[in-house]
Each structure stands twice: as structure tokens, then as C-alpha cells.
Amino acid sequence: MIVTVDQDRCCGAGQCVRNAPEVFDQREEDGVVLLLDARPPAELRSAVEDAVASCPAGAIRVTDS
């Protein structure tokens, strides 16, 4: 799986970090998403998919590698 984020769409809600803190973080100054791991291991797929589903701005995408 390949994870991408659109920082311009991010509203800083932090749901991604709650669901998959191994993959996402937030900038301290404005809360915008930071991608820590664009190719997380398969065992994190469920958590990443939860992050995608809970993102109110639709700023996260997952594609199969």
C-alpha cells in the first residue's frame, strides 16, 4: 500500500494521528498532517483505512503498490 496526503486539503482534525500514529503526525504550528511512512507495513492497513475514512477533509489516499 502507498499512502499519500494532500496538505492543502488538511483541516488539522487529527483523526489520522489517532487512528494510525505510526503513519501520521501533525505539524505543531498549524496541525496539518505529516506523513511519516508512505509505505507502511501490511499489518497497519486497517488503521490507515480507518484514518482515511475518518478524515473530514478527504486529505488522505491509499493505493495498492
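**Figure 1. Largest nonpolar core of the predicted model, with its most connected members**. The core holds 17 residues, of which V3, C16, A20, V23, F24, V48 and I60 touch the most other members. The greatest contribution to this core comes from helix α2, spanning residues 45–54, which supplies three residues. F24, one of the residues that touch the most other members, is shown with its partners beyond four places in sequence: V3, V5, C16, V17, V33, L34, L35, L36, A51 and I60.

**Figure 2. Environment of L34 in strand β3**. The strand covers residues 33–35. L34 is classed as partly exposed because its relative accessibility is 28%. Once neighbours up to four places away in sequence are set aside, L34 is in contact with Q7, V23, F24, D25, Q26 and R27. The contact between L34 and F24 also appears among the partners of F24. T4 lies 30 residues from L34 along the chain, and the C-alpha atoms of the two residues are separated by 10.0 Å.

**Figure 3. Cysteine residues C10, C11 and C55 and the spacing of their sulfur atoms**. The count of disulfides in the model is zero. The cysteine sulfur closest to that of C11 belongs to C10; because the separation is 5.9 Å, it is too far for a bond. C55 likewise takes part in no disulfide, and its nearest cysteine sulfur, that of C11, is 6.3 Å away. C11 is classed as exposed because its relative accessible area is 54%. C55, by contrast, is classed as buried because its relative accessible area is 18%.

**Figure 4. Setting of C10 in the loop between β1 and α1**. The loop that holds C10 joins strand β1 (2–5) to helix α1 (15–19). C10 counts as buried because its relative accessibility is 18%, under the 20% cut-off. Beyond four places in sequence, the contacts of C10 are G31, V32, V33, A57 and A59. A further reference point is R39, placed 29 residues from C10 along the chain; the C-alpha atoms of C10 and R39 are separated by 20 Å.

**Figure 5. The largest cavity and the residues that line it**. Which residues lie nearest the centre of the largest cavity? They are C10, A13, G14, C16 and C55, out of a lining of 13 residues. The search of the whole structure finds one cavity of 30 Å³ or more, and about 90 Å³ of space lies in the largest cavity. By class, the lining comprises ten nonpolar and three polar residues, with no charged residues. C16, among the residues nearest the cavity centre, is also a member of the largest nonpolar core. C10 and C55, likewise among those nearest the centre, are both buried.

**Figure 6. S54 in helix α2 and its contacts**. Helix α2 extends over residues 45–54, and S54 has its place in this helix. S54 is classed as partly exposed because its relative accessibility is 27%. Apart from neighbours within four places in sequence, S54 is in contact with Q15 and N19; helix α1 covers residues 15–19. S65 lies eleven residues from S54 along the chain, with 22 Å between the C-alpha atoms of the two residues.

Terms used
Residues numbered from 1 in each chain as written. Predicted model: local features only at pLDDT ≥ 70, side-chain atom pairs only at ≥ 80, totals over all residues. Heavy atoms only, no water. Core = buried A, V, L, I, M, F, W, Y, C linked by side-chain atoms within 4.5 Å. Buried < 20%, exposed > 50% of the residue type's maximum accessible area, 1.4 Å probe, protein only. Helix = DSSP H or I, 4+ residues; strand = E, 2+ residues; numbered from the N terminus. Contact = heavy atoms within 4.5 Å. Disulfide = S-S within 2.5 Å. 1 Å grid on protein atoms, 1.4 Å probe; cavity = no way out; pocket = protein on both sides within 12 Å on 5 of 7 lines; lining within 4 Å. Points joined across faces, edges and corners; volume = space filled by probe spheres on them. Nonpolar A, V, L, I, M, F, W, Y, C, P; charged D, E, K, R; others polar.
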